[in-house]
Amino acid sequence: MADIIKIDDNIYEVPIGYRPGMRVPGRVFVSAALREMVEPGTIDQVANVASLPGIVKYSMAMPDAHLGYGFPIGGVAAFREEGGIISPGGVGFDINCGVRLLRSDLRAEEVSPRINTLIDALFEAIPSGLGATGRLHATDQQLTEAFVNGSRWAVEEGYGVEADLTHCEESGRMQGAEPGQISAKARKRGRPQLGTLGSGNHFLEIQKVEEIYDEAKAKQFGLFKGQITVMIHCGSRGAGHQICTDHLEVLNKAVKKYNIDIPDKQLACAPLGSPEANNYFGAMVCAANYAWANRHIIAHWTREVFERYFPGSKLDLVYDVAHNVAKIEEHQVDGRRERLYVHRKGATRAFGPSRREVPQAYANVGQPVLIPGSMGTASYVLCGCDRALELSFGSACHGAGRVMSRSQALKQFTGQDVKAALNRNGIVVRATSPGMLAEEAPQVYKPSGDVVDVVHNLGIATKVARLAPMGVSKG
Amino acid sequence: MIAFEYLEHTADIKFRAYGKTAEAMLSNAAAALFNCMVRPETIAVKETWRVELQADDLEDLAYQWLSEIVFLFETESSVFSTFSVRLEQDAASAWRLQAEIGGERIDLLRHAFANEVKAITRHKFGIKKNEVWCIQVILDV
């Protein structure tokens, strides 16, 4: 077995031969300190992805990489249209799990005295947690519209405003939705859950801008020190989970049909252009659009709550990013422009100013890259850089990354301890299942600042602002 | 023989479930899946659900079975504590499963959730038969 090679202070290479069948090397973007936290199983997963047909350049892992299923969490890989594949293992069950950031015109000192009331009201207004169904009661027709038109549909239904759409990755609607590829089961799970936050690590958080690192870019993003922001972290709920489950079965058959050698059944895939690949892509796009509609609706209800307590205040969309998705993008490969299927599994697109996909409002600086902290720790806003295109197909990290197992967390913390500790730090928490707080204790994650420093130092995305939590509503 | 055990996993939940028969193993796997969400002693059997599935091999059938339980949990807003499984293999060697699941509607006052299982992964998913049947599963939570 070949050894891992240090290429640079923040780049480690997993050479071909580390595991059998690798077609390209792996690249792990970590500092020396974070390298210690990367488990051998995670490196094996990077190597497994490197063995998939049509992979371009490297199988990559971001600094928050940790053990996943199929791809590692924090994994990025791009595949050629000719000879490449698409795999749900590179997207995950929670298709278009993502992050949305809203900026207010309120200052922390205005909101701070009413933070308890505000979090209680948000907790009431936005259904979350197990068994939660939406306030929406979407019809079957509306569900189809959400699958096909995403945020565009939500705005037409009166959730949010037109300007929101230009401040979303893909304008909140990916092309190529095929609602015919969605099973009755996925529809049954998805319909009642449209407009719900979910549980686990998903949250809605009221934050204050604690630190500005880059005044000019912060100004461009409409951020200033002491400002109140709202962050929404959720995805495509049961619809996405079921779509992934359904297509995994189909693609495991496709692997046999097309004689593809895969080291892990979660890496089930099909050759690009095959009916199985097209069907999965069309269904995945539906789930991605559902997630954008979902975050749009939640943002709308958040605005309603703010309007009740702070009449006339504004909550404008800074940006909305997907961090579990596969997309068709053009990239420079060996001096040629190629159309690639870029898989980001727990990784955020981080495009710099040279890309036309960056919204006009940010065209001269690059897209906002939103990195949520774990519960009770800071989140970061970064700005995508063109250097990311050379290093990582324009991709950055997506969060802090777990270092401690759930069972270990449950041995060390109780939900009550975690809540009390957060309260001592002035952070208010409301949760449907307090028992689940223990597993999301801040200590079970890597320090998010260290993770963000790696992408900053590599020039993938540079730091713009740090956001400190004031109140959290969770499932 | 223990019915199931949880193994260390950083991000998700990994378990092995055992059985003297494939049926018992699948029943214990369903119990392991639910046990990590809600304590079974808090679940009363007030209703039953019937499940019928078929697949070309036992591993695919097991994957469908556990995925079906997640689907029922979500769409029926119910929690389950009894799983009675019957397996058959037909002449063309396809596997058929018939099961009866017992449980009740979710009542958040009595059912304290420790996790929510999103899906069953195929990562390192497998069945082995030595002295007893054993299935290994990693859950996405």
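In the predicted model, the buried residues of helix α2 of chain A are Thr42(A), Ile43(A), Gln45(A), Val46(A), Ala47(A), Asn48(A) and Val49(A). The helix spans residues 40-49 and is mostly covered, with seven of its ten residues classed as buried. The packing partners of these buried positions are four strands of chain A, namely β2 (11-14), β3 (26-29), β4 (59-69) and β5 (71-80).

These strands belong to an open sheet of chain A. Seven strands make up this sheet, in the order β1-β2-β3-β4-β5-β13-β12, and their pairing is mixed. The edges are occupied by β1 (5-8) and β12 (324-333) of chain A; each has a single partner strand, so one side of each is left without a neighbour in the sheet. Averaged over the sheet, neighbouring strands are turned by 45° against each other, direction being ignored.

Strand β4(A) is mostly covered, and eleven of its eleven residues are buried. On one side, β4(A) runs parallel to β3(A), to which three bridges join it. Within this pairing, Gly26(A) stands opposite Ser59(A) of β4(A), and Val28(A) stands opposite Ala61(A) of β4(A). The pairing of β4(A) with β5(A) is antiparallel and comprises four bridges. Here Ala61(A) has Gly75(A) in β5(A) as its bridge partner; Ala61(A) thus appears in the pairing with Val28(A) and in that with Gly75(A). A hairpin is formed by β4(A) and β5(A), with one residue between them, and Gly70(A) in the turn has a positive phi of about 75°. Helix α14 of chain A (residues 448-458) lies across β3 and β4 of chain A and runs at about 150° to β4(A).

Elsewhere in chain A, Leu102(A) is placed in strand β7, residues 98-107. Leu102(A) counts as buried because 24 C-beta neighbours lie inside 10 Å, where the cut-off for a buried residue is 20 or more. When residues up to four places away in sequence are not counted, Leu102(A) touches Thr229(A), Val230(A), Ala299(A), Thr302(A), Leu315(A), Asp316(A), Leu317(A) and Val318(A). For one of these contacts, with Ala299(A), the C-alpha atoms are 8.0 Å apart in space, while the two residues are 197 positions apart in sequence.

Between the two chains, 34 residues of chain A are in contact with 27 residues of chain B. On the side of chain A that touches chain B, two or more residues are given by each of β4, α7 (184-193), α9 (237-257) and α12 (406-412) of chain A. The most is given by α9(A), with six residues. By class, this side of chain A has ten nonpolar, 15 polar and nine charged residues. Strand β4(A) therefore combines membership of the seven-stranded sheet with a place among the elements listed for the chain B contact. 

In chain B, the axes of helix α1 (residues 22-35) and helix α2 (residues 58-75) come within 10 Å and cross at roughly 35°. The crossing of α1(B) past α2(B) is right-handed. On α1(B), the contact is made by Ala22(B), Leu26(B), Ala29(B), Ala30(B) and Leu33(B), and on α2(B) by Leu58(B), Ala62(B), Trp65(B), Leu66(B) and Ile69(B). The residues of this contact divide into ten nonpolar, no polar and no charged.

Regarding confidence, chain B has a mean pLDDT of 95, and 100% of its residues reach 70 or more. The model scores ipTM 0.96 and pTM 0.97.

Definitions and conventions. Residues numbered from 1 in each chain as written. Chains lettered and ligands numbered in written order. Predicted model: local features only at pLDDT ≥ 70, side-chain atom pairs only at ≥ 80, totals over all residues. pLDDT = per-residue confidence, 0-100. Buried ≥ 20, exposed ≤ 12 C-beta atoms within 10 Å, placed from the backbone. Contact = placed C-beta atoms within 7 Å. Nonpolar A, V, L, I, M, F, W, Y, C, P; charged D, E, K, R; others polar. Pairing = 2+ DSSP bridges. Axes fitted to C-alpha atoms, helices over the stretch in contact; angles between N-to-C directions. Left-handed = near helix turned anticlockwise from the far one by under 90°.
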